[in-house]
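Here are my notes for you on this one, set out as numbered points. Keep the picture open and find each piece as you read.

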Amino acid sequence: MPRFAANLSMLFTEQDFLPRFKAAADAGFSGVEYLFPYDYAATEIKQQLDAHGLTQVLFNLPAGDWAKGDRGIACDPARVEEFRSGVDLAIAYAQVLGNTQVNCLAGIRPQGPDCATVRKTFVENLRFAADKLKAAGIKLVMEMINTRDIPGFYLNTTQQALEIQAEVGSDNLFLQYDIYHMQIMEGDLARTMESNLAKINHIQLADNPGRHEPGTGEINYRFLFEHLDRIGYQGWVGAEYKPKTTTEEGLGWLKTHNAI
């Protein structure tokens, strides 16, 4: 079975952020991910990882002001310097936390610049980040997000991501394949993951509809987990879902699939 990482931005939110590390370990997770670490000192987070034997799997590059509606800034021509400064900050955190990959959120397409300028900005920012992260021994992934949850988000489909990846031309840029987002945008999950296995460095999950835990919706996760084993996926699968009730009550899927 795949290695599962608890997304601490969505799971165990019954507790404050730092105690969630222990909760994840107690629940059987061996790795953790979350949106951002930047509100805490890297050393504070590192203490939690070490204390509970957890692997730091993933976090995002700084993505602007989340509380004010930013969902990434990588495609915004007016915020290139902010984006590039964020790459340096992410590297500093990753080096303390032992994190070997970070995710770039493209952001909501800005109003004003034409399509060519927005794409050029995104490509150039990705190229900059991929090169700088590679020098630090860190991989870069980019995530496709559905337009229902985040209207106007710039990166939406696997094909679009593959085209951008080719244009960037870096061997240090990969896809983060979120099963929930891609079920909404395109379906054909198993074939898409298999066809693009070498280009996918991280997978995330949630069921659909509702973005709840596996087993609450239409996606056949038992099949998909076994499929990932069959095709030889070696990365982590991040549990990035909204528990239908409480986190603990919704963890039956993890116990079941760890026992397969």
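1. Let's start with a pair of strands. β7 lines up with strand β8 (residues 236-239) in the parallel sense, and 3 bridges join the two. If you want a spot to click on, try Leu205, whose bridge partner in β8 is Ala239. One thing to keep in mind as you look around: this is a predicted model.

2. Now look at how the chain gets from one of those strands to the other. Helix α8 (residues 221-231) joins β7 and β8 in a β-α-β unit, and that unit is right-handed.

3. β7 has a partner in strand β6 (residues 173-178) too: they pair in the parallel sense over 4 bridges. Here you can pick out Gln176, which has His202 of β7 as its bridge partner.

4. Is β7 buried or exposed? Of its 6 residues (200-205), 6 are buried, so the strand is largely enclosed by the rest of the structure. For that count, buried means under 20% relative accessible area.

5. Time to zoom out. What do the strands build together? A barrel: 8 strands close up in the order β1-β2-β3-β4-β5-β6-β7-β8, with parallel pairing. Going from one strand to the next, the twist averages 30 degrees.

6. For a helix packed on strands, find α3 (residues 80-97). Helix α3 lies across β3 (55-60) and β4 (101-104), and runs at about 170 degrees to β3.

7. The UniProt record, an unreviewed entry, annotates residues 21-256 as "domain: Xylose isomerase-like TIM barrel". Over that stretch the chain is 41% helix and 14% strand, and its end C-alpha atoms sit 22 Å apart.

8. Next, the nonpolar side chains. The largest nonpolar core has 83 residues, and the members touching the most others are Phe12, Phe21, Phe29, Phe122, Leu140 and Trp253. Another core, of 6 residues, lies apart from it, with Ala5, Val57, Leu58 and Phe174 among them.

9. Last stop: Phe21. Which residues does Phe21 touch, leaving aside those up to four places away in sequence? They are Leu8, Val32, Tyr34, Ile45, Gln48, Leu49, His52 and Leu54. Try showing those side chains together with Phe21.

Methods: Residues are numbered from 1 along each chain as its sequence is written. This is a predicted model: local features need pLDDT of at least 70, side-chain atom pairs count only at pLDDT 80 or more; totals for chains, interfaces and linings use all residues. Side-chain values use heavy atoms; hydrogens and water are left out. A nonpolar core is a set of buried Ala, Val, Leu, Ile, Met, Phe, Trp, Tyr and Cys residues joined through side-chain atoms within 4.5 Å. Buried means under 20% relative accessible area, exposed over 50%, partly exposed in between (1.4 Å probe, protein chains only). Contact means heavy atoms within 4.5 Å. Two strands pair if DSSP finds at least two bridges between them. A crossover is right-handed if, with the strands pointing away from the viewer, the path from the first strand over the helix to the second runs clockwise. UniProt positions are given in the numbering used here, feature names are shortened, and annotations may be inferred rather than shown by experiment. Axes are lines fitted to C-alpha atoms, for helices over the stretch in contact, and angles run from 0 to 180 degrees between N-to-C directions.
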